[in-house]
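Welcome! Please take a moment to look over the sequence and the fold shown here, and then we can walk through some of the details together.

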Amino acid sequence: MKLSFRITLLAFTFALYSCVGSKNTATKTVESVKFEVNLLDRSDDTYKVTVIPPALTAVNSIYQFASTAPGTYQVMDIGRYVKHFKAFDANGNELTTNQISINQFELTSPEKISKIEYEISETWDTPVSENKIYLMCGTSIENDHTLINGQAVFGYFKDKQNSPITIKLDYPKTWTVGTALSKNSDSLYVAENYDKVVDSPILLGNLTKASMNVEGTNVDIYTYSKTGLVTSDQILESMKNMLVSASGFLEGLPVKNYTFLFHFEDTTNGAWEHSYSSEYIYKEDQWANLEEQVVEVAAHEFFHVVTPLNIHSEIVDQFNFITPVASRHLWLYEGTTEWAAHMMLFRSGLKPTDDYFNTLSKKIAIDSKYFDPALSLEQLSLTSYTPAGQKQYGNIYMKGAIVAGLLDIKILELSNGKRGYIDVINDLAKKYGPHTPFDDATFFSTFVKETYPEIQFFIDNFIVNTKPLPIKAYYNKIGIDYNETENTFSLNASPSAEQLTLRTKWMTPISL
């Protein structure tokens, strides 16, 4: 839709602590937090959750539910959905707990806790007065399937956000499970930490599955379709060329495994990206009526394997589930991703030139008609969690993508056609990668150093501030005419040698 994601969370490698007591040094694995979810009992539209904690101390006296999640840019306050929260000692005696805020439960005797039990309502069918959670970011529990987003079912103990986690799911034997999480030798799903659980949605039920290998990357597709109108085989057949073109566009995919989760029922709401998976909520229909839209959205979500998985700031890397913290670089995470998704389809031949121009025209029209021209992309990012910011959020996919396209042209011009924006993105992905965040406050300067000094002027005018976008002048640089009155694009039939050089690079095809 993101919105992964949108902004997306990265997995941490769980810590190993050294125990030094003599000349010999041994390593001790950090004890896991164990969850069990009873999906055999789906009464009252609630998830029945049991938590078996490791040894706790006074430091761990808060059990925290998420106030938000990466890539959603919305307040969630998951604690609103919690019922019957109880803690017990080893003898089964109930211990006192107190809900001290919407999302926090105080554990008065954490060192005595043997287990915690609670029920948590699904978000889809639970009425709330404000901050309704996006369907693709929430939970649904039905007779033939369930959708689990980690932050909407699981919590974590204070000071143990980075502790490893195991999850046991009890569900009907006929169900299939789709998730990017892996299993251990005990058939438990495992995650390096809480962030990884949130980053790995789970779809269970009467699902179809299809798989393919894209130049070394294993791709799995799981699909729930209410009446069976859509199957994973159909989706895979439609997405094959997109997946291959993504590999060509990115000079190879930066992940070894990726999982698509599709849910087709009664409502269309969008998609949410994650590091190694993405999920999609669409109204069920004949696949032919859904194909074009779903593939375009999937191209967007799939591109998030670059931003923010491989290019992200410390705000994404160390996500704050207690208090929403906005990054100023939504232009990069979502705007660039939206531009790249359509450009990838265009360069691979999956999106004809006229269709690409129509996409540009629609984004320009929507930006000018429905959104505040006085709100810069940076301010849109920084206010994304506020009610006012939420009303403007959709413009990141319009103006954000338009600006990314202009940035591409500017980089082409400054490099004399030798380098475009996607080349810069690929270089940055190699420089940073999944485990090295950039500094949120100084990344603009870093980006300029990775490109050209003139890019500072571009950032100041069109990302930090709201100078009118030079759409006509910039597209003229690559031999494309823009009619401002009619809001239409067309290829210049007689470009200059310089225009043709830049346009050739701009349109460089991807081999499928």
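In which helix is Gly389 found? The answer is helix H8, made up of residues 387–392. Before going further, keep in mind that this is a predicted model. Gly389 has a relative accessible area of 3%, and because buried means under 20%, this glycine counts as buried. For a sense of scale, pick out His435 as well: 46 residues separate Gly389 and His435 in sequence, and their C-alpha atoms are 29 Å apart in space.

Let us turn to the aromatic rings. The structure holds 43 aromatic pairs. A pair of aromatic rings is described by two things, the distance of the centres and the angle of the planes. Take Tyr63 and Phe157: their ring centres are 5.1 Å apart and their planes meet at 80°, so this pair is edge-to-face. The two partners come from distant parts of the chain, with Tyr63 in strand S5 (residues 62–64) and Phe157 in strand S13 (residues 156–157), 94 residues apart. Tyr63 and Phe157 are both buried.

Another edge-to-face pair is formed by Phe65 and Tyr118, with 5.2 Å from centre to centre and 85° between the planes. Phe65 belongs to the loop between S5 and strand S6 (82–88), while Tyr118 sits in strand S10 (residues 115–121), so the pair ties together parts that are 53 residues apart in sequence. Here, too, Phe65 is buried and so is Tyr118.

Rings can also be linked into a cluster. Ring pairs connect Tyr258, Phe260, Phe262, Phe264, Tyr280, Tyr282, Trp287 and Phe302 in this way.

Some rings have a charge for company. Lys115 lies over the face of Phe88, 5.6 Å from the ring centre. In the case of Lys477, the charged end sits over the ring of Tyr474, at 5.4 Å from its centre.

Now let us look for open space. How many residues line the largest pocket? There are 28 of them, and Val297, Glu338, His342, Lys363 and Met398 lie nearest its centre. This pocket has a volume of about 700 Å³. Two or more lining residues come from each of these elements: strand S22 (270–273), helix H3 (287–303), H5 and H6. In character, the lining of the largest pocket divides into nine nonpolar, ten polar and nine charged residues.

Next comes an enclosed space. The second largest cavity has a volume of about 50 Å³. Its lining consists of Glu338, Trp339, His342, Tyr356, Thr359, Leu360, Lys363 and Ala401. You may recognise Glu338, His342 and Lys363, which were named for the largest pocket and appear in this lining too. Which element gives the most to the lining of the second largest cavity? That is H6, with four residues. Helix H5 (330–347) and helix H6 (353–370) each supply at least two residues of this lining. By type, the residues around the second largest cavity are four nonpolar, two polar and two charged.

Helix H5 offers one last stop, Thr336. Is Thr336 buried or exposed? Its relative accessible area is 1%, and since buried means under 20%, Thr336 is buried. The side chain of Thr336 makes a polar contact of 2.6 Å with the side chain of Tyr421.

How values were computed
Residues are numbered from 1 along each chain as its sequence is written. This is a predicted model: local features need pLDDT of at least 70, side-chain atom pairs count only at pLDDT 80 or more; totals for chains, interfaces and linings use all residues. Side-chain values use heavy atoms; hydrogens and water are left out. On a 1 Å grid over the protein atoms alone, a cavity is a set of points where a 1.4 Å probe fits but cannot get out, and a pocket is an open set with protein on both sides within 12 Å along at least five of seven lines; lining residues have an atom within 4 Å of a point. Grid points are joined across faces, edges and corners, and a volume is the space filled by probe spheres set on the points. Ala, Val, Leu, Ile, Met, Phe, Trp, Tyr, Cys and Pro count as nonpolar, Asp, Glu, Lys and Arg as charged, and the others, Gly among them, as polar. Rings of Phe, Tyr and Trp (its six-membered ring) pair if their centres lie within 6.5 Å; planes under 30 degrees apart count as stacked, over 60 as edge-to-face and the rest as tilted. Buried means under 20% relative accessible area, exposed over 50%, partly exposed in between (1.4 Å probe, protein chains only). A charge sits over a ring if NZ of Lys or CZ of Arg is within 6 Å of the ring centre and within 35 degrees of the ring normal. A polar contact is a pair of N or O atoms within 3.5 Å; within protein, one must be able to donate a hydrogen and the other to accept it, and residues adjacent in sequence count only if both atoms are side-chain atoms.
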